[in-house]
Amino acid sequence: MDQAQWMEVALALAEEAAAAGEIPIGAVVVDREGRIIGRGRNRREEGDPLGHAELLAIAEAARAMGDWRLEGTTMVVTLEPCAMCAGALVNARVEKLIFGAYDPKAGFCGTLGNLVQDARLNHRLDVVGGFEEQRSRELLQRFFQQLRKRF
């Protein structure tokens, strides 16, 4: 699999989240061989404030690897991670981040700040932002338009 295929899986997870009434964000963690070892979709509305797609994918990947250090892995996510998720990426030692839409309200991987590349920290990630940006953004816009129609 390649990054386009990984993003397809992340987008499908985001669609699942939207169908469940969650903000449509999906994430996968990929190992050195290109295999998906962690998947996550937003689950905050289920009552978990930590139910971010990125955190769930990281936790599943750590279980798959049998280690909290996810060295050599890549996270692919549909929306730029927030500060909490960016911190988790650094602490889990993820090597690379590929994200879809930039997040002007909460993004901490280049927009509001850049936690994942802060030279003061002990680990930094390679970052590719804006990959399949339009599709990721449209998914979010569609979700919020439908949500506003309900009220």
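Which residue in E4 is the bridge partner of Val 77? In this predicted model, that partner is Phe 99, and the pair offers a convenient place from which to enter the fold, since Val 77 belongs to strand E3 and the sheet can be followed outward from there on either side.

The sheet itself is open and consists of five strands in the order E2-E1-E3-E4-E5, with pairing that is mixed. Strand E2, residues 36-41, and strand E5, residues 126-129, stand at its edges, and because each has a single partner strand, one side of each is left without a neighbour in the sheet. From one strand to the next, the twist averages 15°.

Taking the pairings in turn, E1 runs antiparallel to E3, the two being joined over four bridges, and within this pairing Val 29 is placed opposite Met 75 of E3. On the other side, E3 and E4 are paired in the parallel sense over five bridges, among which is the one that links Thr 74 to Lys 96 in E4, in addition to the link between Val 77 and Phe 99 already mentioned. Strand E4, which spans residues 96-101, continues the parallel arrangement by pairing with E5 over four bridges; here Leu 97 stands opposite Val 127 in E5, while Phe 99 stands opposite Gly 129 in E5. Phe 99 can thus be followed across the sheet in both directions, towards Val 77 on one side and towards Gly 129 on the other. The connection between E3 and E4 passes through H3, and the three elements together make a right-handed β-α-β unit.

How much of these strands is covered? In E3, six of its six residues are buried, so that the strand is mostly covered, and in E4 five of the six residues are buried, so this strand too is largely enclosed by the rest of the structure. Val 77 illustrates the point at the level of a single residue, for its relative accessible area is 0% and it therefore counts as buried. Leaving aside residues up to four places away in sequence, Val 77 touches Met 7, Ile 25, Gly 26, Ala 27, Glu 54, Leu 97, Ile 98, Phe 99 and Gly 100. The C-alpha atoms of Val 77 and Ala 10 are 6.0 Å apart in space, although 67 residues separate the two in sequence.

The helices can now be added to this picture. Helix H1, residues 3-19, lies across strand E1 (26-30), E2, strand E3 (74-79) and E4, and it runs at about 145° to E1. Helix H2, residues 53-65, also packs on the sheet, where it touches E1, E2 and E3, and its direction makes about 150° with that of E2. Glu 8 is placed in helix H1 and, with a relative accessibility of 39%, counts as partly exposed. Its C-alpha atom is separated by 9.5 Å from that of Thr 78, a residue 70 places away along the chain.

H2 has 13 residues and reaches 18 Å from its first C-alpha to its last, close to the 18 Å expected at 1.5 Å a residue. The residues of H2 that are buried are Ala 53, Glu 54, Leu 55, Ala 57, Ile 58, Ala 61 and Ala 62. An α-helix has 3.6 residues a turn, so residues three or four places apart point the same way. The cover over the buried residues of H2 includes E1, E2, E3 and helix H3 (83-91), and one of those buried residues, Glu 54, is among the contacts of Val 77. Just after H2, Gly 66 adopts a positive phi of about 70°.

The cysteines remain to be considered. A disulfide is a covalent bond between the sulfur atoms of two cysteines. With a cut-off of 2.5 Å between sulfur atoms, the count of disulfides is zero. Cys 82 is in no disulfide, and the nearest cysteine sulfur, which belongs to Cys 85, is 3.8 Å away; this distance is not within 2.5 Å, and the pair is therefore not counted. At 17% relative accessibility, Cys 82 is classed as buried. Cys 109 is likewise in no disulfide, its nearest cysteine sulfur being that of Cys 82 at 8.4 Å, and with a relative accessible area of 5% Cys 109 is buried as well.

Notes: Residues numbered from 1 in each chain as written. Predicted model: local features only at pLDDT ≥ 70, side-chain atom pairs only at ≥ 80, totals over all residues. Heavy atoms only, no water. Pairing = 2+ DSSP bridges. Axes fitted to C-alpha atoms, helices over the stretch in contact; angles between N-to-C directions. Contact = heavy atoms within 4.5 Å. Buried < 20%, exposed > 50% of the residue type's maximum accessible area, 1.4 Å probe, protein only. Expected span 1.5 Å × (residues − 1). Right-handed = clockwise from strand over helix to strand, strands pointing away.
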